[in-house]
Amino acid sequence: AGMVAEVDDSRFGLMKQPGIPMKLRGTPGAIQGRAPRLGEHTEQVLGQLDAAASSASTPARAGGPQSAAPVEDVMGALQGVRVLDLCIVLAGPACGRTLGEFGADVIKINDAARPVDMEGSLDVNRCKRSILLDLKSEQGREVFWRLVDNTDVIVENNRKGSLARLGLSYEDVKKRKPDIIYASLNTYGYDGPWSERPGWEQMAQAVSGIEVRRGGRDGAPLMFHYPVNDYGTGLLGAYAVALALLERNRTGEGQSVDCGLALTACLLQSPYFLDYPGFQRDEPEGLGVRGYSALSRLYRAADSWLYLHCPEEADWRNLTGLPEFTALAGDPRYGTAASRSDHDGELEGEMGRIFSLKTRQQWVSQLNAAGVSAIENVAMPDLRDDPHVRRAGLVLTREHPGRGRADQVGTTARLSGTPMRLGRPAPVLGAETHEILWQAGYTDGEIAVLKAAGVVSGP
């Protein structure tokens, strides 16, 4: 399925590496080559600079890459792009949310017969308008096709083949709208023998080694209590859609794109997928892991936990310059980086005893002032209420229809010219049904007939 690839490395020879986690079917990505040796392309890059300088006097054509963005594009990088979001649960809706945050008009199509996790909806369905539509009915599919006529992107995360049975696959949509971008997200990707299997976050974790790493190779595997692959796949799906839109702007051609949770899990564990003859894996793993060494790990202070990162010799000198750690500098076991590594467990014990003598905040202030990296280890409520986090816009509180005031993640990626926007709060299911149908050309009378037939729902 392409989750793992072989690359002929300049140093290690033929070795295993993660494959490409998202697939653009019209313009597929490829591993363009091995990692370069340091400085390998210096002359080539400098030669290209010389070539660019010699042509710098050629004026750019109007509308070319150097032209200013039109004023109407300032509100969002994807302003003017319309998306139909047919997704459920997390990965697919996170893809639609991300597209909406950067300006796309995202219409969320829900099935009134399917229960919805409203708390989860607050998170992944902001920036969207909602319509309740029965795609299993002939009339419902007629509405869908009317919406497709003015749509740029479709995002779905049904099992492979399920929408084809309704006549709504990429090939079906392409016949009516050749330039459509059709994004599909699932658990195991769309290539290989597992592509039609059902699955979700924990199954992707199980099949990709995450749960073994969490439990430790000598212990029982344990699930990771965060849907990292769901959210990661949503982001990769949005990235793939953006690339496909870029290609369509260049050629006028649409295409299907797809990704899966298990492929995302490979990407997020890239260093652990590398393999070549003679390589021995020794990274820390399991529930007892608190860090990578005595000088890069979690320590418990008198009241709570902090993380110390002291990787370089200069950091060690700064640390042992503090009165509490001075004795360590004179201990022959810790005189060099190599000897500290040989006596890592003993050094960890010594430092743990020292850190227990003061509070976390006292240590963080003292260490940072001395040029040693240290940071408080906090719980989620502490982060949510931190005034610095609030001022940065990472977490915010706002009103949600039917839910009142609720905290949620704010802006993350920052674009100076076309910034990410929060958009509208997650809608009440079907709240914009009438508005969406009216914009698709339906009259009030036709909408009333569709509602009476149970094809659509909403106020």
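Here are some short exercises, each with a worked solution, on the structure shown above.

The model is predicted, so local features need pLDDT of at least 70 and side-chain atom pairs count only at pLDDT 80 or more, while totals for chains, interfaces and linings use all residues. Residues are numbered from 1 along each chain as its sequence is written, and side-chain values use heavy atoms, with hydrogens and water left out.

**Exercise 1: The whole protein**

Task: Find how many helices and strands the protein has, and what share of its residues is buried.

Solution:
- Start with the elements: the protein has 19 helices and 16 strands. Both are DSSP runs numbered from the N terminus, with helices (H or I) of at least four residues and strands (E) of at least two.
- Next, take burial: 42% of the 459 residues count as buried. Here buried means under 20% relative accessible area, exposed means over 50%, and partly exposed lies in between, with a 1.4 Å probe and protein chains only.
- For the dimensions, the C-alpha trace spans about 85 × 60 × 50 Å along its principal axes.
- Finally, look at contacts, meaning heavy atoms within 4.5 Å. Among those with a separation of 6 or more, 65% join residues 24 or more positions apart.

**Exercise 2: Arginine 297**

Task: Work out where arginine 297 lies and which side chain it meets in a polar contact.

Solution:
- Locate the residue first: arginine 297 belongs to strand 11, residues 296-300.
- Then check its cover: arginine 297 counts as buried because its relative accessible area is 11%.
- Now list what surrounds it. Beyond the neighbours within four places in sequence, arginine 297 is in contact with Arg290, Gly291, Leu306, Tyr307, Leu308 and Glu348.
- The polar partner is glutamate 348, whose side chain makes a polar contact with that of arginine 297 at 3.2 Å. A polar contact is a pair of N or O atoms within 3.5 Å; within protein, one must be able to donate a hydrogen and the other to accept it, and residues adjacent in sequence count only if both atoms are side-chain atoms.

**Exercise 3: Aspartate 85 and valine 89**

Task: Decide whether aspartate 85 and valine 89 are buried or exposed.

Solution:
- Begin in strand 4 (residues 82-85), where aspartate 85 lies. Aspartate 85 has 0% relative accessibility and therefore counts as buried.
- The side chain of aspartate 85 reaches the backbone nitrogen of cysteine 87 at 2.9 Å. Among its contacts farther along the sequence than four places are Gly92, Pro93, Lys108 and Val155.
- Move on to the loop between strand 4 and helix 2 (91-101), which holds valine 89. With 59% relative accessibility, valine 89 counts as exposed.
- One more detail concerns the backbone: valine 89 is a residue other than glycine, yet its phi is positive, near 60 degrees.

**Exercise 4: Helix 15**

Task: Name the buried residues of helix 15 and the elements they pack against.

Solution:
- Helix 15 covers residues 360-369, and its buried residues are Arg360, Trp363, Val364, Gln366 and Leu367.
- These buried residues pack against strand 12 (305-309), helix 11 (313-320), helix 14 (344-355) and strand 13 (373-376).
- Just past the helix, look for glycine 371, which follows helix 15 and has a positive phi near 85 degrees.

**Exercise 5: Threonine 397**

Task: Find which side chains make polar contacts with the side chain of threonine 397.

Solution:
- Place the residue: threonine 397 sits in strand 14, residues 395-400. Its relative accessible area is 28%, so threonine 397 is partly exposed.
- Not counting residues up to four places away in sequence, threonine 397 touches Arg390, Arg405, Ala406 and Asp407.
- The side chain of threonine 397 makes polar contacts with the side chain of arginine 390 at 2.8 Å and with that of aspartate 407 at 2.3 Å.

**Exercise 6: The cysteines**

Task: Find how many disulfides the structure holds, then check cysteine 259.

Solution:
- The structure holds zero disulfides, a disulfide being a pair of cysteine sulfur atoms within 2.5 Å.
- Cysteine 259 is thus unpaired: the nearest cysteine sulfur, from cysteine 95, is 7.0 Å away. Cysteine 259 is buried because its relative accessible area is 2%.
- Cysteine 127, in the loop between helix 3 (118-124) and strand 6 (128-133), is also buried, at 9% relative accessibility.
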